[in-house]
Structure formats: structure tokens, C-alpha cells
Amino acid sequence: QGLTITGTVKESDGNALPGATVQLKGTNRGAQTDVEGAYSLPNVPTSATLVFSFIGKTAQEIVVGNRTTVDVTLADDSKALQEVVVVGYGTQRRQDVTGSIAAISSSEFQRGNIVNPEQLVAGKLAGVSITPPSGQPGGGSQIRIRGGSSLNASNDPLIVIDGVPVDNNGVTGASNALSLINPQDIETFTVLKDASSAAIYGSRAANGVILITTKKGRAGDKTHVSFSTLGSVSYNPKQLPVLSADQFREVVNRLGNANQRALLGSANTNWQDQIFGPALSSDNNLAVTGAYRHIPYRASVGYISQNGTLKTSNFQRVSGSLGLTPRFLNDHLRVDINLKGSIINNRFADQAAIGAAVSFDPTQPVYSGNDKYGGYFEWLDPTTGRPNQLAPRNPLGLLYQRQDRTEVQRSIGNVQLDYRFHFLPELRANLNLGYDISKSTGTNFVPATAGLLFNQGGQNNQSAGSRNNKTLEFYFNYTKDLRSVRSRVDVTAGYSYQDFIRENPSFPSLRSGSIQIDGRPASDTISAAGVAFRTQYTLLGIFGRLNYTFRDRYVLTATLRRDATSRFAPDQRWGTFPSLGVSWSLKDEPFLKDTKALSALKLRLGYGVTGQQDLSNLSNDYPYLPRYTISDPTAQYQFGNTFYRTLRAEGYDANIKWEETQAINAAVDYAFFNGRISGSIDVYRKTTKDLLATIPVAAGSNLTNYILTNVGNLRNTGVEFTINTTPIQREGLNLDVNFNATFNKNEITNLLKVPTPNDPGILVGAISGGTGNTIQIQTVGYPTNTFYVLRQVYNESGVPLEGVYEDRNGDGQITVDDRVRYQTANPRLFLGMTSQLTYRNFSAGFTLRGNFGNYLYNNVRSNNAAYRNVINSLGYLGNASPNVLTTGFVINQYFSDYFVENASFVRMDNLNLGYNFGKVFGNTGALRASLNAQNVFVITKYTGVDPEVANGIDNNLYPRPRIFSLGLNLDF
Amino acid sequence: EKDGDQLTLTTPQPTRLTTSATSVSLTSATATNEALRLSWSPANYGFNAAVNYTVQLDKKGGNFEAPVNLSAGTSTSLSVTGANLNQNLLRLGLAPNNASQVDVRVMAAITRPGNDPSNRVYSAPTTLSVTPYLVLISYPSIYVPGAYQGWAPDKAPAIASVKDNKVYEGYIYFQSPSEFKFTSGRDWNGTNYGAGTANKLSAAGAAGNLSVPSGGYYLIRADLNALTFSATPTTWAVIGAATPKGWDADTPMAFDPATNTWQVTLDLKADEFKFRANSAWDLNFGDGDSKTNVNPDGLLDYNGDNIKVPSAGRYLIRMNLSNPGNYTYSLTKQ
Amino acid sequence: SSCVQDLDRTPAFDVTSATVYADPSNYKSVLAKLYAVLAVSGQQGPAGKPDISGIDEGTSNYIRLLWCLQELPTDEAVIGWNDQTIQDFHNLRWTSSDGFITGMYNRIFYLVAASNEFIRETSDEKLASRNITGQAAADARTYRAEARFLRALAYSHAIDLFGSVPFVTEADAPGSFLPRQISRTELFSYVESELKAIENELAASRAAEYGRADRAAAQTLLAKLYLNAQVYTGTARYTDAVTYASRVIQANAYALEPNYLNLFLADNNTSREIIFPVTFDGLRTQTYGGMTFLIHAPVGGSMPVAQFGINGGWGGLRTTKALVNQFPDVTGATDKRALFYTQGQSLEINDITQFTDGYAITKFRNVTSTGRAGSDPSGNFPDTDFPLFRLAEVYLIYAEAVLRGGTGGDAATALTYVNALRARAGAPAITASALTTDFLLGERSRELYWEAKRRTDLIRYGRFTNATYLWPWKGGVKEGRAVEDFRTLYPIPASDLVANPNLKQNPGY
Ligand SMILES: [Ca+2]
Ligand SMILES: [Ca+2]
């Protein structure tokens, strides 16, 4: 007889794979792996072949020979993984998909100290640009799918969590909508990139759709407990460049007058060393999966505490989730219940401290030696002895003398009932009831003694916000294989209702202590509460989808959605959003069927129309109504001895309507060598018309000078490549290398009600320095957020000459009219590369990300690199960027193109090492340890501290730290 | 990308200046006409620069250390009226009605927003011969008819209120003791001031006459707010390092009733001097006041800056105080 | 169905125009907004919910921009800041893309449009249709007359600053139409006819509540327009200027404030001289423009902030020596209106961006005539009101119009008026022969400097652009230089030329 074979089955990341099947080929004998991935199969002949398989993994066959131990690592099967794809309102077989859908599952997520879900997939998806947050703990990323489609309306994708479309707007006190979801609870992350796949979400799909499904229990599961803990330390790899104390003294002694020289101190303070420091974080999660009687469940709790490298900043989140997936009536009724809750406690550090640290005199001490102003050194006005109002405040004082805290509570939940009709099992009815409720409260306290608000008597303010969003969706689905005509139909029709309420009560602005200065009256209130804010909008939709497959290789998908929004007038309310997609699997044609090297080849073509009505960043859900708003108590007008709160007529556009994006997509999906090389190439063009843009209105014709109206067109054109390879796939050794690239070109093609060749454009991109200065412009024929600058002239040694610019229009004067449109913040090309290596119990991987052709306005330099920053007539000294030693600029040259720098970069987001200890604690659990580094290095020519800034203006960004973390996963 | 087409400033060749005349004699009659036209070649900085041009005038040999600047903007020529040129020549301190040499050049500079010009390039200077004229200002005045001139207000000397504050002064030569009055106009129909009680002025018709006790050159002051008046006899001299006696002693001047001027001829060094009365500093004249940014203009200023003698030599110095508020002097090399 | 009805969402705290005008008690609040357009920048003080956008909110305040456009291109003021194109005002070389000019233009047309809306909604027919009768209707008609005054005021600024501009009246409901351009002369006639039409609908002189426009306000505005009619229309109207100035003066409702300084202090609302103020309040009418700007921006250097009733200076505004030299001495000993701060300041301006170059001005302060600080404990926002029209200016209009040949008045009376101002200032009286138009230009500067009149005055005297009068940094050079004559008008903003193809740019731009 044969031997007893034992072994362990692992995933490519080194994790044990429980529940994998080990089968003796050609028989029905087999075994399943246990919670540690171990199996044991008795009586195996030496000539036998074992087949190892698991859903979503490439099966492996191994000849036993005379071994008794066979360990196997099962690689992800990109084809198999995508067997079933989450799409809007249901799932589809991968082979039936006609649109551009990118899916990524938990095993491929980025690792490390990750707080927000979108960071899990940064760099992993072609066409999806995720700009990571600044160093602020809990910070959210900016997500752009195939470039932004809008100018003033939202450019954020729609996010649907377990079937509930959630509110895109950040909750007061939380960085973005996703920050309340624990990344550890996420199973898959699916992006609907093109219009043919997204159009089923109609009015909200113009910027793409992200579908998130969370982990669930499975029927028949044994109780499985998983605990993970991660401890991290983060520090800033780079400091913002400033003059050292000695360089600073030299400048003051060289250029200052006697009064200014007398202001020099004797200390040598590195203010950035004072405000920044290494920070510790921890992230702990416990999840239990199993089945209670016949109810599969998954319950998890998580606790994360993250400190920022900027002292006093802290983020804590407690999250919990419960998923129940019972099946009734012989599986005819499937119930999905998802409840998620989280509580976030944030302490926001005053980020003004960063700018203050950059500009504070390095020769001054941190502490004054007396107890005024909290003991911190402050620049004082010699005539009053009080803090000089124009000078920067002590950077450390800014941090420790402000307590800006918020607590956010949020719960998202839904119940989904899916009933397969007994008399017609091809027909399902699905009802989804969901909610998304959040509440935040905050306090912002500054003691009256603080230099920061000394003249005001400190601050003791409250804030609050809440939102209450409800969803009801219902659809029928009919799926049938019509074998006689070698066809399959999948038809869905449904209805959607969503209601969104946002509220912000108004609080008075209070002092933290009564003050009496210069005989001015004392009082505790700075200003009375203003008008509270409440807004509500409602969306209705009906939708249908037909998916028709012929001979398993010709697929047609058509969708149609009609949507209505309360944001527009009854006549403009309804919009129609159709789409059509076709695909052709060439591989299944007879002429390719036998081509062994080619494992898949599919052509896709899609067209769709999506809409945009999300005006939430413009804080007005009633743009078509003639409204009057009442003024706050601080903006009254005096008649006689009475002050009147005023009623203002608001500008409005009675005819405002949807912004519409038409998109076409053509693509090839391919796979070679059994899927060891696979990927796709997509070409797209998105054209947005009736752009919702805020533009100047003809003076006198409306009750405002800028109105939000449908004007103009915007175009995004691009190409995406994805290549996933498995160069090495051997027993105990596996290497995956994935690469993606996206070219995107963005252009405003019209921005005027009445086109004219002399369009001056719309100034955007506020910068620091002066008041009201802007550096970017929206103009027809140019990409969005193009820099608008004067052309710097240099001397023969290449040094920029202060105030010397090209006189573009030749009028002998340098004015706004000489500014030119020069480069943009949008990258022309962005790349992502990830690799994962598994060797026995070891695993290692990295993620690289690069942006090319993107430019940044170095506002840190433009605002600090001038001698005027050091020497002024305002009674204090300030530090400057060492760049001033090169340029010699005396006065800030804000509009010089010298400060627009190429910010192309390559960043290693993540480097991870793992080791699987296997069974521990007397074989009751499995232990895996990991070591991660995040933000490992950045290669760039950009001179500032970090080349990646979302809107193209680098102004004292909270530096992204480098993070090292050690994690342990324990499974029982 | 930026490195590829970086704009570089190259210092241009000096521009070439041409003038419409080499000798200009100015008069008040032709003040509004074009007196001089200057034109020059443009400056090429190697890129599309915002070049502004400034014409500079300075005394010959002054090396443009304290020039008068005439902005031409972006134009490559400048037309100057007689009045404008005259004003600027006087600001240079040239003596009116005398031919002087001035150096002229044009400066090209790149304008910088809200800042001083930079990257200046100058043309070679050209020397012009110019003759400015004196610009007299007529201040609010009252008149001093008296026995010494036949009690004729229409021909009487005036005293003026330079600050228009009803405080008047002027210098009047009385050959002998004389009575006089003040009139507000050039006839007796306005307000007439005579002697009131307590040494005050009175506008009453019956008021008696005012008087000077002896002949002489008097500083007459009248304050119609306070109704006070004074008559101070003066004799004038020059003093200063430029004079033979230095700053230690006066060199007296002589009054010439025919021209109503004080005169002296003497050897002067290339140094400074002032005019003073009665061998004291209570009444003294210089020209210009650097503290209040008044340039020397040929008009004397009380307590003004020292007057500079351009070069050593024998000079006729003349001082004319007969035009109230417009006190002038001249230096004529003998 | 009920779901579809859910699409009819209406705001929770805002009201729609139908509900506003149904209740006559709202009318005064809408009227208050029209006045507030001049004072604050939006519905939230000091900033937030702005009336116009595309520009920094505090900077864009009506009075602040009016002040900047009228003072910064003249000899009366320099500013040290590096905000956008603000130095272009000194340089007299602004462009049609200038944010400040665009902001002023938009403020003007915001006031015009908001006034039109109110005038339209308070027509006699609309009042009748809403059954508003009796006192409520009478009040509404007075409010309507005031709205027409404010619209005329805004248009008068358009005439002065921009010349020929878009023209809209209450006949034009808000929408996306393109208004026609009206000539400067035609607009002058329209404003003239409006002011004449409401002259008697407004409350009698000084009979209105403080802050609201009365008959004298309309008459003053007419007198100002007539004084400048030669510039605005090519036809002199000095006799009309004399007529309307006389009406203001002879009503005897307003009287000179005995102490010049008190006109610019935190309790200047008690002054009998101010005919039309723009009111501010430290707690209830807050803005970063208006008097907040005019009191903070001129304080810097060694200036004692306590004496200004504020928490700190912004170190921006000073004056040139051309204004200083208008006074016989800088101490105020011979003319109390010389309100200069000289300690640590140099008379000469070598560097505009240095606060200590040029004398500072202490005219506007947030302390009362008895020396108490204003009501805002933080010292941010002053109580001081901006005297847009005051009797002294009417005196000077009368005198100048008479001297320029206007009939119906006489030089002797003019002399009395001028000497009344000089007597109040402790300056010596002048004689009839000294009362010349040139003297009046200087006297206007001495009396009215920093009250947003200088540019108009220099243009009326033909000295704004040419070389007749140069002041330090005129045209951006230290010694001053002449600039192109077209600078007497500001350009129509490029943004409106694009938004409204009916418009033609002013010559030269
Ligand atoms: Ca130019
Ligand atoms: Ca007030």
C-alpha cells in the first residue's frame, strides 16, 4: 500500500490556506486543509499525482514519488479569480464582462500601517490614480479614475460598500468617507472604470465607481479566529530646507540695519526638530468567522491608534463589523446583513506650525524663560509688549496651545434579501435596504494666555455635524442558459431611492477667558452663533441591464438608467444614461482554440453616458431655486439704533441640469502560458459636456458674479496597460510581477457660453503669500489647473533675475497680461509595479509607483526664498529658504515660472517581508510575522520635501513619514 | 522642459543718443513749445524685455551723480517743452539767464513690477549749451504805497504771503524816512491798513500812517491775522569758505538803487558761501534745502543750503530781493 | 407618487423669494442687505458666504475697493503689500484682467442687480397683489426709493470709474441674458433722472434713521455728478452743482462737526456732519474690508496700536510727501487736519514695500471722541463709520462750482464756506483773491484726503495722467512720470467682455 502524505498548502503571500482541496488524481479520494493549511492523506501510491486546488487559485499537480511531505504554494489564478466579478447590482461571470472592470482581492492589497481602504490598492490599478494623504494621521487620499471629468462638481468616484452607495462628502472631522472603514474587513475592491460598466449607476458614475465587498462567513465554516497586531514607528525622512542659525546670522548681519541686527538671538534652534519627532502607532484586529447553527457569520473588531510625526497629532479608531449570511428555504432566500460601526477620535495638530517652523528665526530660543504666553518665546510688539500680530507664532506653542479634537461616529448597514422564485428559479428578486449615518462633535480650545490668539482672548469653540443617508434598492434578475440556441441571457431591472441629509448646527465663537486690553470692553463671546446649515437632496432611479452571451464568446451588454435629482428644477430633473458594451473572446474561436501559448484573448468595446450632479463641494443643493439667505449676527446693518440681519437674494440658474460624460473604451484582454502572463490594454476617451462649472456671469444679469451653470466641455483621453506575470512558479517558490501604466491627457475644450478667441480663463489655485494670489488657470485648449506664470529671465550664469520677466505682449510693462500657461499638475503618465516573492516560509514584496510629466508650484520656496522674509520693517526676523542665497531675491516673486518645477517621481510605497512560523501553541494556531516599510524612497528632481501634492501647489505639506512596522498574525 | 528654452539676459550695446539741437536758449514766451527732441536706438537685452528709457541731465562734468531724470517710458524718443526743460535745468542749479553746459544721456533699464529699474545701460553723453530763464511765482500780496514813491498803490512795491497764511513780507528800499500804508489792492478801494493803537495795524479809515525812521533797505513784515507789522533795516554781505575771509567775516555788498540789487565783485574759491544781513545769522539765504528735498533753483531760501561756486575765479555776485517771495541771485564770472 | 414628490426639496433655513415678499416685515431686512453690500463682504461677518467670488473676500469689500481705486493711483496713498496686482495702481499700469478692478466692477453690479430685484418686487402692482397697504405699503415705497438711490450710487461709481458699462434696471429679471452697454452720457442722464425722481420720495434731510439715505444724500450725489459732468459727459453743469449743493446746505439739517478729528472716530455716528455713512460695528457689522482695512492697514512701524483701538497694524498704507507738503507743517499746529505719524518714518519713499518709507496717517481710528476703544474686545473690527458724503464736501463742491462759473451762488458765500472749514481746522482764513480753483484742489486734499475722492479730483483738474502734476512714484518711478491719458478710466474687466459679447472695451486697453 501507499504512504501517508502530509504537508501544508500556502498562498503566494505565505499565509496558510485553509480549506484547500488535495485530491488523488483520477480518484474521488481527497482531503481538505485545516486552519493552518495542513493536510494529511493516507495510503497514497508512489505513482500517484496529487491535485491541489482552491477557488481563485491555479491548481497544481504534483507526482508524489517517494516523498511523504509535499508542501505547495498555490498562486492566484488571475483568470480563475475573476471567474465571478462584482458589478453594479449583482455579479457577472468574468467571461461575460464587456466593460473595463479592475478587481483586486485582499491577498494583493498593500501591506503595512494602512488606515484608509483606498491605500490598499494604490499603484495596483491602471487608470486609477491614488494620491496618498499627507502625513496627517488618518488622512485620506485623492482618488481619480481616468482623470477628473468635472471642473467644479465633484471628481470623486462613487463608492458602494456592500451594495450601499455611500456619501462622498467627508464628515466634519474625518478625512474622507472611506476613513471610517477598517481596511482589514475588506475582501475585494472593484473599480468600474469605463462608462459601459459604470452607467448602471447613471447620475453618479461619471468619475467611475468603486465597489467594496467585505469579508463574510461561509456556510459550513468551522469557527476561525484571526488576530493581527501591527506596531509601527514613523519618522520624517527629510526636512524642509531653511537657513541654519549661522547662515541666518550672516544674512542679518550683511543686510540688516542696526535695529534688525539687534533682534538676533543667541540660540541655535532647529524648529523642525522641535515640532516633528518619531511617532508610534499600533493597529489590532480580531475577527471571528464561522457558522452559528446555520447562520454563517463574521464579526470583527479593530483598534488603531496612529500618532503623527507632527507632535500632538493623533488618530484613533475603534471599528466593529458584523456580517450574517443565512440562507433559507433551501437556499432560495439568501439574506445578507452587514453592520459596520466606527468611532474616530482625532486630535488635529495645528498645521500652521509647519509654516511657522519654516519661517521662524533659528536664533531664538524655544522658551522665553518667563511664563508669559505659556512660556514660549514670541515676537512682541515693542509698543504694546503683546505678540506682534504680523510675526509668526512660536511653532511649538502653536502645537501645544491648541487642542483641536473631534469625535466621529458612523454606522453603515444594510439588509439584502435575495429570493429565488420557487416556480421559476432563474428569476431572483433582490431588496436592499441600507443606511449611512454619522455624527461628529468637535472642540477647538486655545487658552487665553497663548500667543496665538492672545489679542482675542483664546478660543473655546464647538462644532458638530451629522448626516443621515438612506438607500432603498430593489431589482429583479433573470438569468437563463438557452442551450438550444447556445445562448445565455442575464436581465436585471430595478429601482433605486436615496436620500441624503447633512446638518451642521451653528455654535457661538467663544473666548477661553475674558480679556481686557487697551480699555476695550470684555466679553466671553467672540461672535454669536450664525445660521445653522441643513441640506437635503434625493435621488431616484430606474435601471435595467441585459447581458447576452452567444456561444460563450460573443457578449453584448446594454444598460439604461433614468435618474432624477431634487437638485434641479422639475423640467431638468430627469436624465437618461444608456450604455452598450460588446466583447468577443477570440481565444474561443476554432482558429485559436489550439494555440497552447495563448490562454485567453478577448476584445471589448464599450460606450456609455454617465451623469454628474454632485454639487456638494459647492454647499448648495438648491441651485435652481430663487433663494434668500439670512445673514449671521456678525453681518448685520445698522438703521438708527437697530441692527438688522439682512436677507440676501442669491444668484441662481433656473435651467441648471446634469453634466454629462460620454465615454468610449476599446480594449484587449490577453493571457499567455496558462495565465502566467496576462493583462489588458484599454484605450478610452471621455468627453464631458454641459460641464457644471462656476463661471463669470454677464455683470448685472444675475444676483452674483460667478454662477454655477452648464457650460463647456472637457476631454480625457488615455491608454492603460496592465501586465501580470508569474515568472517563477515552482514548488515552494513563486514570483509574481505586475505592472500597469496609464497615459492620460486632459483638455478643456470649451468654457464659455458664447465662445470667443480671447478667453482670459478662470483663475484658480490660491497660493500662500500676499492676499488672494492665484497661480493656475482654466482655459480652453489647455489641461485643467495649468500654471499661469511669468517667464523668468536668467543671467548668463543661470541665476534668475529678480523681477525680470519676458514682456510677452511687448507693451514695455510687466503685468498680468504677460503671464503664460505653463505645464500642469496632472501627470501625463503614471505607473505602478508590484512584485511578490514566496520561498518556502518566506515571502517578500514591494510596490513601486511613479508619476511623470506632473509639475508642482513650489510655494514653500516662492513664499520663503526672499530676503524680505528675513529682513522687514515689521519688528521681527523670519527665516528663509536657502534658495535665497542662490537667487538673491529681495521680494517674493510669486508669479515666476522658476517656482514651477518638474515633480515627476518614482516612489517605493511599500516593501514587505513575511515569515510563516506555521503551527504554534501546541498546534492550535498558526503564526505569521511581517516586517513592512512604507514610503521607502522617492526618486525625483523636485527640490521640495515631497513631489506628490494633489492639486499642484506645494505649500508646507504635512510631510509623509517613512514607516516601519512589525506585524503578527495569529490564526486559530 | 524649462531648461530647454530658458530666457537669458545679455547686456546690450549702449544706445546711441541724438538731440535736435546742441544749444537751447529758453524763454517764458516759448515755454509751451518743444524745446528739445531726443531720440535713441533701442536696447536689445537678448529677450523680449520690458525696457523703459530715462533721459538724464546733469551739469557738465557732474558725472551724472545727481542727475535730473526725465522718463520716456517705452518710447525711444522724448520731446521736452521749454517749461519742462527749464524747470529741470533750474533743478540742476543752473543760473537763470546764463548759458551753461549740461551733459545729456539716455538710460535703458528693464522695468520690474513695483520696483526700481535694473540692468541699466547708458548711451554716451552729449553736451548741450542751455540758457534757462527765471520762473517767478506771484504770491498773494498786499501793497506798500507811501511818501517815498508818491502814494501810488498802482505802482507801489508789494509784500507777499508765500504760504498764503496772511503773513506777508518783502524788501523795500526807502531813500529817506518815509510814511506808508498797506493796501489790499492796487488802489485805495480795498482794505487799507495804517497805524492803530499799541503798535498794531488798523484798517480804520482814520488810522494814521506807518513809517520808517530813516532811509535804508528794509525787511517789511505784516501779519494781518494778528494785525502786527515790523520794519527791519538790513545791509547784506557774503560769507563763506569761497570768499577771501572764509566763514569768519562778512564781505559786504553794495546796494545799487538803479537795479534794485545788492552787488559785489570778488575772487571766489571753488567752495561754498551764503548771503547774510546785518553781520548776523538771523537773516541768511542759501539755495535749496536737502532736509526737505528742495533742490537749488536760483531762488534763495531762508536758512537754505550753502551755495556752491562751480570753479574758482573772479565773480560779480548779484542778489535781488525786490520781487517778494522770489529772491534771486546770480554769479557772473568776470 | 410620493417618491417623486420627494424630489421637491426646499431649503431648511433659507427662504424663497415668494415667501420673502409675502410678509412686509421682511422688506426692511432685504433693504438692509442693499446697504450692507457697501459695508460687509457677505452674509457672514467678517468673511464667509460672500456676495461675490473669484477674489479674496476681505479685499473685495465695496468700500475697500472703492478706496483703493480712488486713492492708490494718486499722491495721497501708497501701500506696501505684494497682493496680486496692487502695485499696478501706483504704477498706473493696470490691465483688464486686474482682480481688484474686476472686484470693484462686480461689487457695483452686484448692488445694481440686488437693488433691481428689490425695486421689482416692491412695485406698486406687486404690493397691491400681495395686499400690502397702509403704512406697510408707504414704508415699502420709501424703501424702494432708497433702493433706487443705492442703485444710482452704484451707477455713479460705474460712471466715474468705468464710463460706459452694462445697463440693467428692474425691468430685467435675473437670468442668463446679456445686458446692453450704455454710454457714459446716457447713464449720467439715467442716474440724474433717477435721483431727481426720488428726491422727494426720500425722507427729508436728516429725518431718516441713521444710516439710511435721505433727501440730502440724493442731492449730494447729484451735486457730485454735476461737478464732474464735464468729465463724464463733455458738458459742464456747474450751475446745477451749485443748485444741489445749495439745497443740501440751505436745508440746515446738517452742520459742521466742531472737531474735525471726531469725524473719523468710533462714535462718528453721532456727528451732524455726515450726510451718508457706510456703517460698521465691531460686533455686528464685521468685515476685513471697509473701516477694518482703513484702520489696520495704515498702522505699523512704531505706531502705538492702543491709540487706534485695535489689536495690531497691518503695516501697509502710508502717504507721499505730495500730501504732506499740502500742509504748512506736519505737526498739525497750523492745520489740525495734518494727521501724520512721522516717528521712525521717512518723508521720502525709496521702497514702497517698506512701511517706514513715507509718513503714516492717523485719520481713522477705532476710539471714541472721549478716548474709549471700540466695542470689539478683540480689537479686530472697528465701530467707526465711513463718511461717504459729508457736509464739508458739499461746501467745497459749492465753492468749486461757483469758481468754475456756476451761477446761483456767489464767491463771497463760497469764501465763507471754505473759511469755515479752515477755521475748524485752526488754519488761517484765506482772502477772496486766494480762493482759486487750484487752491480748492489743495483744500479738498487737506480736508478730504483718504476719503476716496482724490482720483476723481485729479481727473477733473486734468492732473491725473499728464506731467502737469507729478508725485513720488506716479507711474511707478520715484520722481513720478506722466502716463497715457486713457488711464483716467479703468478697463471693463476682461471676464465681463467674455461673458457679455455686447460690451466694447474702453479705448487704450
Ligand atoms: Ca507686458
Ligand atoms: Ca458705527
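In this predicted model, B:Ala66 sits in chain B, within the loop that runs between strand E5 (51-59) and strand E6 (68-73). Its relative accessibility is 56%, and because exposed means over 50%, B:Ala66 counts as exposed. Leaving aside residues up to four places away in sequence, B:Ala66 touches B:Asp58 and B:Leu92. B:Leu92 stands 26 residues from B:Ala66 in sequence, while the two C-alpha atoms are 8.2 Å apart in space.

From this loop we can turn to the place where chain B meets chain A. The contact draws 30 residues from chain A and 21 residues from chain B, and the area buried between the two chains comes to about 1,900 Å², with carbon and sulfur atoms giving 51% of that area. On the side of chain A, the residues that lose the most area to chain B are A:Arg791, A:Tyr794 and A:Gly812, which together account for 24% of what that side buries. Across this interface the rule finds 0 salt bridges, although it does find 3 residue pairs in polar contact, with both residues at pLDDT 80 or more.

Several strands of chain A contribute to the side that touches chain B, for strand E46 (792-794), strand E47 (800-805), strand E48 (820-824) and strand E52 (900-902) each supply at least two of its residues. The largest share, 5 residues, comes from E47(A). Sorted by character, the residues on this side of chain A divide into 12 nonpolar, 8 polar and 10 charged. Strand E46 of chain A is also joined by 2 bridges to strand E1 (residues 7-8) of chain B, and these two strands run parallel; within this pairing, A:Val793 has B:Leu7 as its bridge partner in E1(B).

Salt bridges do occur elsewhere, and a search of the whole structure finds 97 of them over all chains. One of them joins the side chains of A:Arg648 and C:Asp51, at 2.5 Å from N to O, and this pair crosses between chains, from strand E36 (residues 647-649) of chain A to the loop between helix H3 (27-39) and H4 of chain C. Both partners lie under the 20% cut-off for buried residues: A:Arg648 is buried because its relative accessible area is 6%, and C:Asp51 is buried with a value of 3%.

A salt bridge within chain A brings together the side chains of A:Arg715 and A:Glu747, at 3.4 Å from N to O. It links distant parts of the chain, with A:Arg715 in strand E41 (residues 713-730) and A:Glu747 in strand E42 (residues 733-750), 32 residues apart. Here A:Arg715 is partly exposed, with a relative accessible area of 26%, whereas A:Glu747, at 18% relative accessibility, counts as buried.

The loop that holds C:Asp51 lies between H3 and H4 of chain C, and helix H4 (residues 62-71) is worth following next. At the start of H4(C), a side-chain oxygen of C:Asn61 reaches to within 3.1 Å of the backbone nitrogen of C:Ile63. Of the 10 residues of this helix, 10 are buried, so H4(C) is largely enclosed by the rest of the structure; among them are C:Tyr62, C:Arg64, C:Trp67 and C:Glu71.

Chain C also holds a salt bridge between C:Arg9 and C:Asp6, whose closest N and O atoms are 3.9 Å apart. C:Arg9 is buried, with a relative accessible area of 15%, while C:Asp6, at 23%, counts as partly exposed.

Conventions:
Residues numbered from 1 in each chain as written. Chains lettered and ligands numbered in written order. Predicted model: local features only at pLDDT ≥ 70, side-chain atom pairs only at ≥ 80, totals over all residues. Heavy atoms only, no water. Buried < 20%, exposed > 50% of the residue type's maximum accessible area, 1.4 Å probe, protein only. Helix = DSSP H or I, 4+ residues; strand = E, 2+ residues; numbered from the N terminus. Polar contact = N/O pair within 3.5 Å; in protein donor to acceptor, adjacent residues only side chain to side chain. Contact = heavy atoms within 4.5 Å. Buried area = accessible area lost by both parts, 1.4 Å probe. Salt bridge = Lys/Arg side-chain N within 4 Å of Asp/Glu carboxyl O. Nonpolar A, V, L, I, M, F, W, Y, C, P; charged D, E, K, R; others polar. Pairing = 2+ DSSP bridges.
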